[in-house]
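The following paragraphs go through a structure step by step, from single helices to the arrangement of the chains. Please keep the sequence and the coordinates at hand while reading.

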2 protein chains.
Amino acid sequence: MVVMAERLMAEPNRLHALADFGARLGAAKSTISEDLGLLRAVVERFGLGRIETVPGAAGGVRYRPVRTSAQIRALVERLCARLREPGRVLPGGFLHTTDLIFTPSLAEEIGEVFATLFEDVQPDAVLTMEVKGIPLALMTARAFDVPLVTARRGGRVTEGPAVSVNYVSGSSRMVQSMTLPLRAVPRGARVLFIDDVLRGGGTARGVYDLMREFAAEVVGVGVLVETEHPADKMLDRYLALVTYHGGGAAGEGLVSPSRWLVDAGGGGGLGGAVHRR
Amino acid sequence: MVVMAERLMAEPNRLHALADFGARLGAAKSTISEDLGLLRAVVERFGLGRIETVPGAAGGVRYRPVRTSAQIRALVERLCARLREPGRVLPGGFLHTTDLIFTPSLAEEIGEVFATLFEDVQPDAVLTMEVKGIPLALMTARAFDVPLVTARRGGRVTEGPAVSVNYVSGSSRMVQSMTLPLRAVPRGARVLFIDDVLRGGGTARGVYDLMREFAAEVVGVGVLVETEHPADKMLDRYLALVTYHGGGAAGEGLVSPSRWLVDAGGGGGLGGAVHRR
């Protein structure tokens, strides 16, 4: 049972044939099924995620690292507490989040939260913009068991023919460009965009434009931090975990869990969150 | 037992107090100890890593995702097979590795291999250079349960006061600079440098120089791919998994497991690999 738990949890979202477990463990199919039932109960009881069985010849069993609404709220509160630590507001009014983003265990939790909130969109790939989006996006891709694609700023790409688009950075109001190798995204792919911060939304808009060139679809946008200003973002639908109220506020007022997390109330689920601001 | 396995394996290298497990599971200490003994046996039997117990008041139990020599060799062979796929040699003679590096499950395996090979050096942090080093370095940091620090090319750093050093890129022979915020690395830290590729070794030398400014120590250098040329690298000690023989060779001759993996023979361990080229 431990071996099955390890295999399933080490490879989130990957389908494992029951016969493989039987062969590896030298156990009968009925024993495997019985242990799986027990495993499913334990995993759900302790809020560790969900074990799903897919019937049929191509079926099997997989582990989804879904987090409960309570776990998501607790993580966001924990992040807000860390972001209220002294010295986090940098010159230019930026919020210092790098140390949190690059702490693997935190990045992994955040990735599992995004994978939970975007569970219904079933992306074929996660897309991010270098550099600070990478840890969160990689861990989200890990939870979905899909590849990560990283757009580069400017034209610094050595992986063969590439596509560039221009975009207006919402913070600097400057025209910039992002580039992706042609081979990075297959036509028709369903892509989830994950980034560290959303200010004006210019980067996200650039991602929509870029994906259009690949005939790919952006099925969701998730960010760790959204800024309160400008209130008028260049895109309507995205999901942020934390709202940054700007360099002026101190202490409690500096950051808070994003509106939809508060609106969703204390007891209910967070379903449908993806389609709300 | 499943809950303990999940907690331990989800947080590699982190020490868990036995009392916490007892409290969470509502089980007596003797039951927990018994289950841990069984868990240790299962984990080792199936080559899943190692469960270690640390005695004393500040002690507890932790999981180390160490890979066996056979598992490391098998992964490197699998990587070589992927790297021999057609179309991997890019204009300029670069080897296209991005898709592999950004596949989370592969990055995680490679990170656990680095954590195994550098197990003895016990780093306080993993350091990498943006961009392609990040997934491998993040997964190595995950296996060690330490933070990742990412040096930026040029001076594009917004996290407050920063230190820059110049280095000579071994491939382009151009003088470049790398920058790290002052707060990113504490004085006296033991730092493991992980990157995607090592050509001339200029970047790694730059990292040594940079760490000297932080009064920090580079305790190891690990890369996924080393290039055969130039044979004369700017540093003596590093560990590469795969050797790239250059754009001229085709098929089998394009890449191979690095020398020390071959020299270590089929049966023996890979101990001491860190101190060899």
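Helices here are DSSP runs of H or I with at least four residues, and they are numbered from the N terminus. By that rule, B:Lys29 belongs to helix 3 of chain B. The model is a predicted one.

B:Lys29 is a convenient place to start. With 11 other C-beta atoms within 10 Å, B:Lys29 counts as exposed, because the limit for an exposed residue is 12 or fewer. Apart from neighbours within four places in sequence, B:Lys29 has contacts with B:Leu18 and B:Gly22. B:Ala151 lies elsewhere: 122 residues separate it from B:Lys29 in sequence, and their C-alpha atoms are 45 Å apart.

Helix 3 of chain B covers residues 29-45. Its 17 residues should span 24 Å at 1.5 Å a residue, and the end C-alpha atoms are indeed 24 Å apart. Which residues of helix 3 of chain B are buried? They are B:Ile32, B:Leu39 and B:Val43. Viewed down the axis of helix 3 of chain B, these buried residues fall within an arc of 30°, so they line one face of the helix. The face turned away from that buried side carries exposed residues, namely B:Ser30, B:Gly37, B:Leu38, B:Ala41 and B:Arg45. What do the buried residues of helix 3 of chain B pack against? Within chain B, their partners are helix 1 (2-10), helix 2 (18-25) and strand 1 (50-54), and helix 1 (2-10) of chain A is a partner as well. Just after helix 3 of chain B comes B:Gly47, with a positive phi of about 60°.

The packing on helix 1 of chain A leads to the relation between the chains. A rotation of 180°, with 0.0 Å of shift along its axis, superposes chain B on chain A with an RMSD of 0.0 Å. The two copies are therefore related as by a two-fold rotation axis. In chain B, the C-alpha nearest that axis belongs to B:Val2, at 2.9 Å. Both copies use the same surface, since 100% of the contact residues of chain B recur in chain A.

How many residues take part in the contact between the chains? There are 38 from chain B and 38 from chain A. On the chain B side, at least two residues come from each of helix 1, helix 3, helix 5 (98-101), helix 6 (104-117), helix 7 (134-144) and strand 4 (148-153). By class, the side of chain B that touches chain A has 21 nonpolar, eight polar and nine charged residues.

Helix 7 of chain B, one of these contributors, has 11 of its 11 residues buried, so it is largely enclosed by the rest of the structure. Among the buried residues of helix 7 of chain B are B:Pro135, B:Arg142 and B:Phe144. B:Asp145 follows this helix and has a positive phi near 55°. On the other side of helix 7 of chain B, the loop from strand 3 (125-129) contains B:Val131. The peptide bond from B:Glu130 to B:Val131 is cis, with omega near 0°.

Chain A has the corresponding bond, from A:Glu130 to A:Val131, also cis, with omega near 5°. Most peptide bonds are trans, and most residues other than glycine have a negative phi. A:Asp145 has a positive phi near 55° without being a glycine. This residue, A:Asp145, sits in the loop between helix 7 and strand 4 of chain A. A:Asn13, likewise not a glycine, has a positive phi of about 70°, and lies in the loop between helix 1 and helix 2 of chain A.

Chain A is divided into domain 1 (2-64) and domain 2 (69-275). Taken over C-alpha atoms, their centres are 32 Å apart. Five residues of domain 1 of chain A are in contact with five of domain 2 of chain A. The touching side of domain 1 of chain A has one nonpolar, two polar and two charged residues.

Helix 8 of chain A, residues 202-213, reaches 17 Å from its first C-alpha to its last, close to the 16 Å expected. Its buried residues include A:Val207, A:Leu210 and A:Met211. The buried residues of helix 8 of chain A pack against several strands of chain A, among them strand 3 (125-129), strand 6 (175-181) and strand 8 (217-227).

Key:
Residues numbered from 1 in each chain as written. Chains lettered and ligands numbered in written order. Predicted model: local features only at pLDDT ≥ 70, side-chain atom pairs only at ≥ 80, totals over all residues. Least-squares fit on C-alpha atoms with pLDDT ≥ 70 in both. Contact = placed C-beta atoms within 7 Å. Expected span 1.5 Å × (residues − 1). Buried ≥ 20, exposed ≤ 12 C-beta atoms within 10 Å, placed from the backbone. Arc of directions from axis to C-beta. Domains from an automatic or database assignment. Nonpolar A, V, L, I, M, F, W, Y, C, P; charged D, E, K, R; others polar.
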